[in-house]
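Student: I am new to this structure. Could you walk me through it?

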Amino acid sequence: MDHDISLITTIAAAFGFALIFGFVAERLKVPALVGYLVAGIAIGPATPGFVADIHTASQLSEIGVMLLMFGVGLHFSLDDLLAVRRIALPGAVVQMGFATVLGAGVAWWWGWSLGAALVFGVSLSCASTVVLLKALEARGVLDTMNGRIAVGWLVVEDLATVVILVLLPPLAGTLGATSAPVGDAGDPLWRTIGKTLLEVTAFIALMLIAGRRVLPWLLWQVARTGSRELFTLSVIATAIGIAYGAAQLFSVSFALGAFFAGMMMRESEFSHRAAEESLPLRDAFSVLFFVAVGMLFDPAVIAEYPLQVLAVVLIIVLGKSIAAMALVLAFRYPLNTALTVAASLAQIGEFSFILAGLGLSLGLLPQTGMSLVLAGALISIALNPLVFATIAPIREWTLKHSEFARRLERREDPYAELPTNTERKYLEGQVVLVGYGRVGRRIAQALSARGIPFVVAEQNREQVEQLRSEGVAAVAGDASEPAVLIQAHIANAAMLVIATPDPVNVRPMVASARTLNPAIEIVLRTHSEDDSRLLRTEGIGTVFHGEEELAKGMTGHVLARFAPHAGT
């Protein structure tokens with residue numbers, strides 16, 4: 001049977017080599033994704049032996065990007081995005097501009113044309129959301145405030161990159177392109193910009209108005225059938241279908257289309273189940289993404305242009321990170337948040353390839369530029385887990401040896417302490433509520449209804465600002481830092497309620513609270529049954545496990561329903 005089985009061959013080779021090299025990487029105490037990148041190099045055209053179909057692998061990796069971004073949307077609501085807009089929007093724009101200037105300046109110094117330098121600089125300015133997600137998930141910080149800021153920052157970068165991709169062809173002639181621009185390049189620039197903004201706005205409006213109602217309803221209807229495979233199919237079809245439709249109808253990238261689809265489906269009560277059902281496919285296809293990146297890389301570029309590769313890596317890993325860290329600190333966020341965002345941006349990925357590829361096709365970017373972008377991507381992706389691992393040591397060392405860093409930690413912040421005119425009832429015998437998410441908000445509403453005074457400790461400064469405008473006592477900061485609890489007057493509080501499921505920082509919070517107020521009562525929540533059992537064994541406080549409390553509530557309802565018939 002003589003059939004074209006390039007798809008099957010590519011999948012088999014990609015998964016097989018990724019398994020081997022990923023296993024070796026883990027045994028060597030190196031992140032598995034480094035093994036996946038090496039697997040791509042092994043089956044790519046730049047190395048001898050078997051060569052997989054790179055075009056097929058690239059399309060398969062696009063599916064992985066869609067599913068990953070869809071999964072992020074399922075956990076990242078529109079409120080989360082709006083909550084970090086004040087730092088994510090200006091931060092992403094300024095950081096992209098700074099990185100573009102760095103990259104373009106180096107390319108100009110190498111003797112490249114203005115157009116080539118600009119395309120090269122922009123390609124180095126946008127980080128990979130896929131790489132970021134894997135890093136945040138591996139460390140369990142995706143749902144934290146630091147994680148939401150990093151994801152929101154990269155979503156803004158993705159939106160900006162979509163606009164750049166549309167504007168580049170009509171501007172190509174002005175920038176000195178040697179190839180004729182494609183599409184509607186003959187239109188005036190103002191019309192192209194207006195059309196782009198109109199298309200993006202129309203897509204977002206459609207998802208907010210129709211998608212927010214239709215997608216949860218659709219998921220409910222499918223769930224009513226009781227068919228698990230049909231439910232899984234509906235989730236995957238929605239993610240890929242909306243991503244494809246967004247790209248074809250509104251010129252929005254696959255990744256952003258899938259992200260907004262997930263955000264809208266999050267409104268459904270089945271969003272957690274949708275995330276669980278799609279997880280195996282997301283993991284499998286994300287592997288193909290890293291393999292596809294490796295296949296594009298030619299190791300010879302390191303030997304041919306070692307100094308240029310080093311400059312590119314320094315711009316990506318150091319230049320972008322330093323700029324991002326400075327911006328976050330300028331917005332008066334903690335050093336830990338600044339380091340997390342900096343590490344998140346210390347790599348480039350899928351959009352960089354697309355930008356560089358478009359520049360190459362338009363005759364703006366030389367082939368050397370494309371090779372350098374790929375080299376920078378592979379090296380920075382491989383280094384990114386190590387960069388994340390240095391966050392805690394760098395923070396500790398910096399605070400220990402730098403008076404300036406210590407001043408940053410204790411600098412005056414209008415939201416880091418309660419106003420001087422705060423009523424007495426919020427300073428003695430009050431409840432200190434850590435976290436103002438879905439659980440914390442409901443607890444606060446219940447306390448308000450009963451007239452019980454409370455103080456909110458929340459990392460999101462914008463949320464604290466909003467709470468204060470509503471007359472709620474609140475302080476901004478990470479409650480694992482003793483200073484934040486001190487500002488919430490924990491020493492005189494009656495109870496500490498930790499409404500964030502953060503097993504890493506819960507112990508420092510409790511330790512600080514016990515030190516400042518040994519008699520304080522502590523109530524906390526957890527998502528994990530193992531964490532719940534461990535915390536109860538340690539006697540930290542009253543622990544509430546989500547599924548356990550749900551079971552108690554349902555059991556109570558069932559028993560109450562049958563109570564009148566118990567004696568018959």
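Tutor: Happily! Axes here are lines fitted to C-alpha atoms, for helices over the stretch in contact, with angles from 0 to 180 degrees between N-to-C directions. The model is predicted, and local features need pLDDT of at least 70, side-chain atom pairs 80 or more, while totals for chains, interfaces and linings use all residues. Residues are numbered from 1 along each chain as its sequence is written, and side-chain values use heavy atoms, without hydrogens and water.

Student: Which element has the lowest mean pLDDT?

Tutor: pLDDT is the predictor's confidence in each residue, from 0 to 100, and the chain averages 82. Strand E1 has the highest mean among the elements, 92. At the other end, with a mean of 68, is helix H19 (residues 403–410).

Student: Is H10 parallel or oblique to H11?

Tutor: The axes of helix H10 (residues 228–250) and helix H11 (residues 254–265) come within 7 Å and cross at roughly 130°. Angles under 35 degrees count as roughly parallel, over 145 as roughly antiparallel, 65 to 115 as roughly perpendicular and the rest as oblique. The crossing angle therefore makes H10 and H11 oblique.

Student: Which residue forms a salt bridge with Arg395?

Tutor: A salt bridge is a side-chain nitrogen of Lys or Arg within 4 Å of a carboxyl oxygen of Asp or Glu, and the structure holds four. For Arg395, the closest N and O atoms are 2.5 Å apart. Arg395 lies in helix H18 and its partner in the loop between strand E3 and helix H22, so the pair ties together parts 86 residues apart in sequence. The partner is Glu481.

Key
Helices (H or I, at least four residues) and strands (E, at least two) are DSSP runs, numbered from the N terminus.
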